[in-house]
Amino acid sequence: MAADRPVAGLAGLADERVDHRFKALPPDAEGLTVGALAAERRNLFTGGFTTPVLALSAESVAHNLTLLETYAQRHGLAFAPHGKTSMSPQLFARQLERGAWGITAAVPHQARVYRAYGIQRIFLANELVDAAALRWLAGELDADPGFRFVCYVDSVRGVELMDEALRAARASRPVDVVVELGAGEGARTGARTEADCSAVADAVAAAGSLRLVGVAGYEGEVPEASGERVRDWLRRLVALAVAFDAEGRFAALDAGEPVVISAGGSAWFDAVADVFAEIPQLSHPVLKLLRSGAYVSHDDGHYRDVTPFNRVPEEGALQPAFRLWAQVVSRPAPGQAFLNAGKRDAAYDLDLPQAQVVRSGRDGSVREATGIEVTKLSDQHAWVETEEGTGLEIGDWVGMGLSHPCTSFDKWQLIPLVKADGTVTDYIRTFF
């Protein structure tokens, strides 16, 4: 079931003025609105953009949005993509248009951004114990009967803190929660055992400000993850939901209202699809909620290697959408070059940028970046080793693939959306 209301306020993003706040945009565009600049359809390479500049492929983003929509439909899954990846209301809107049930968040700030743009369904994949944030949430729920919010609970103490804060805020609507099952000893958050989960559910039942609506977790944290280990944990999650249902723990749900069973990062959603297909009939319908977020841009490193589509190629393939362009600013020695992009511009937490293509500073011709390797990043420089004969010159543009998506988006507030011929069709605003 897709979200039934569009994202609000996007027109306001187009009305924002272009100025010094936004890296790489043409200096002669100062004072134009973002919408007016987009309407000019400038070329990324000849339209006055300065380097370094991060580009997002229009064609690849469209392809990836369609692919996950059709995948979810094929497997009977709802999906709430994790918005922390892009923090972009424009991309949220496109995800919702392509079938998303809602958007997942991790922290209160992200949820506040979502609400500022009218997101009607938010799944917060964390236990929320911040009293100030809970006061804000109570106000949002009270003011908008159509707003749906679900979050994790994984401890009795967390439930107590939530209940205290919501009662103090005089919340009139209960907050919907799902018990988080931890992925194993040494994993991240989540109640470690089924008995722990039952204790948390008991605490929810005793708290008048909360309502238990399902179970959830994150299979990406399964220790020494393999297809077998991940599927075993997912079956535990399903079994927990079945046991809770048999024990009458979802009695607060209205007739026909679904039980939420949620998992699914970007590395194992094929296992989620397989195991969720085995969910037996419960006393309520089931919302099988996938939360993968990195798919929207994919990448040229970590997610390229771990994507489930490598295991199920017949289902399609995601396309990396990011390319960071930087210029050669120094050739101090044979075999060495420096680009004017570094840690402030490129993701580097999982993999270094990968040199892919070179655009000549002399004539604009493009060639493969054969024999060119990024070996290190400083704050504002990429260290590059070059083999003999690469012909890399000062002034050349080097296009680099990045990994991973979350730490690519968060370094840029306004990202050109670029067609294959270099035409910039839009600018993607982010809020980190």
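## Group meeting talk: a walk through the chain

Hi everyone. Let me start with a single residue: leaving aside neighbours up to four places away in sequence, Leu44 touches Phe49, Val53, Ala55, Trp325, Trp397, Pro416, Val418, Gly422 and Val424. Please keep in mind that this is a predicted model.

So where does Leu44 sit? You'll find Leu44 in the loop between helix 2, residues 34-40, and strand 1, residues 53-57. Is Leu44 buried or exposed? Its relative accessibility is 1%, and a residue under 20% counts as buried, so Leu44 is buried. Leu44 also has a partner from far along the chain: Thr423 is 379 residues apart from Leu44 in sequence, yet their C-alpha atoms are 6.3 Å apart in space.

Two of the tryptophans that Leu44 touches, Trp325 and Trp397, turn up again in an aromatic cluster. Phe45 joins Trp325 and Trp397 there. And the loop that holds Leu44 has one more thing to show you. Pro52 is in that loop between helix 2 and strand 1, and the peptide bond joining Thr51 and Pro52 is cis, with omega about 0°.

Now let's step back to the whole chain. How many helices and strands does the secondary structure come to? There are twelve helices and 18 strands. The radius of gyration is 23 Å, close to the 22 Å that the globule rule gives for 432 residues, so the chain is as compact as a globular protein of that length. Along the principal axes, the C-alpha atoms fill a box of roughly 70 × 45 × 35 Å.

On the inside, 56% of the 432 residues are buried. If we take contacts with a separation of 6 or more, 71% of them are between residues 24 or more positions apart. On the outside, the chain exposes about 17400 Å², and carbon and sulfur atoms supply 49% of that area.

Back to aromatics for a moment. The count for the model is 13 aromatic pairs. One of them is Tyr71 with Phe269, an edge-to-face pair with 5.2 Å centre to centre and 70° between the planes. This pair links distant parts of the chain, with Tyr71 in helix 3, residues 58-74, and Phe269 in helix 10, 198 residues apart. Both Tyr71 and Phe269 are buried.

Helix 10 brings us to helix 9. Helix 9 runs over residues 227-246, and at 1.5 Å a residue its 20 residues should span 28 Å; the end C-alpha atoms are 28 Å apart, which agrees. Which residues of helix 9 are buried? They are Val230, Arg231, Trp233, Leu234, Leu237, Val238, Leu240, Ala241, Phe244 and Asp245. For those of you who like charges, notice that Arg231 and Asp245 are on that list. What covers these buried residues? The cover includes strand 6 (175-180), helix 8 (194-206), strand 7 (210-216), strand 8 (259-263) and helix 10 (269-276). After helix 9 comes Gly248, with a positive phi near 75°.

Positive phi also shows up away from glycine. Take Met87: it is not a glycine, but its phi is positive, about 45°. Met87 is in the loop between strand 2 and helix 4, and with a relative accessible area of 1% it is buried.

Ser88 is in that loop too, between strand 2 (78-79) and helix 4 (89-97). How much relative accessible area does Ser88 have? The value is 0%, so Ser88 is buried. Beyond four places away in sequence, Ser88 touches Ile428, Arg429 and Thr430. A polar atom of the Ser88 side chain lies 3.1 Å from the backbone oxygen of Arg429.

Another non-glycine with a positive phi is Ala24, where the angle is near 80°. Ala24 is in the loop between helix 1 (10-14) and helix 2. Its relative accessible area is 8%, so Ala24 is buried.

Last stop: a cis peptide bond runs from Ser403 to His404, with omega near 5°. His404 lies in the loop between strand 16 (397-401) and helix 12 (406-409).

That's my tour. Thanks for listening, and I'm happy to go back to any of these spots with you.

Terms used: Residues numbered from 1 in each chain as written. Heavy atoms only, no water. Helix = DSSP H or I, 4+ residues; strand = E, 2+ residues; numbered from the N terminus. Expected span 1.5 Å × (residues − 1). Buried < 20%, exposed > 50% of the residue type's maximum accessible area, 1.4 Å probe, protein only. Contact = heavy atoms within 4.5 Å. Polar contact = N/O pair within 3.5 Å; in protein donor to acceptor, adjacent residues only side chain to side chain. Rg over C-alpha atoms; globule rule 2.2 N^0.38 Å. Areas by Shrake-Rupley, 256 points an atom, 1.4 Å probe, with all protein chains shown as cover. Phe/Tyr/Trp six-rings, centres within 6.5 Å; stacked < 30°, edge-to-face > 60°.
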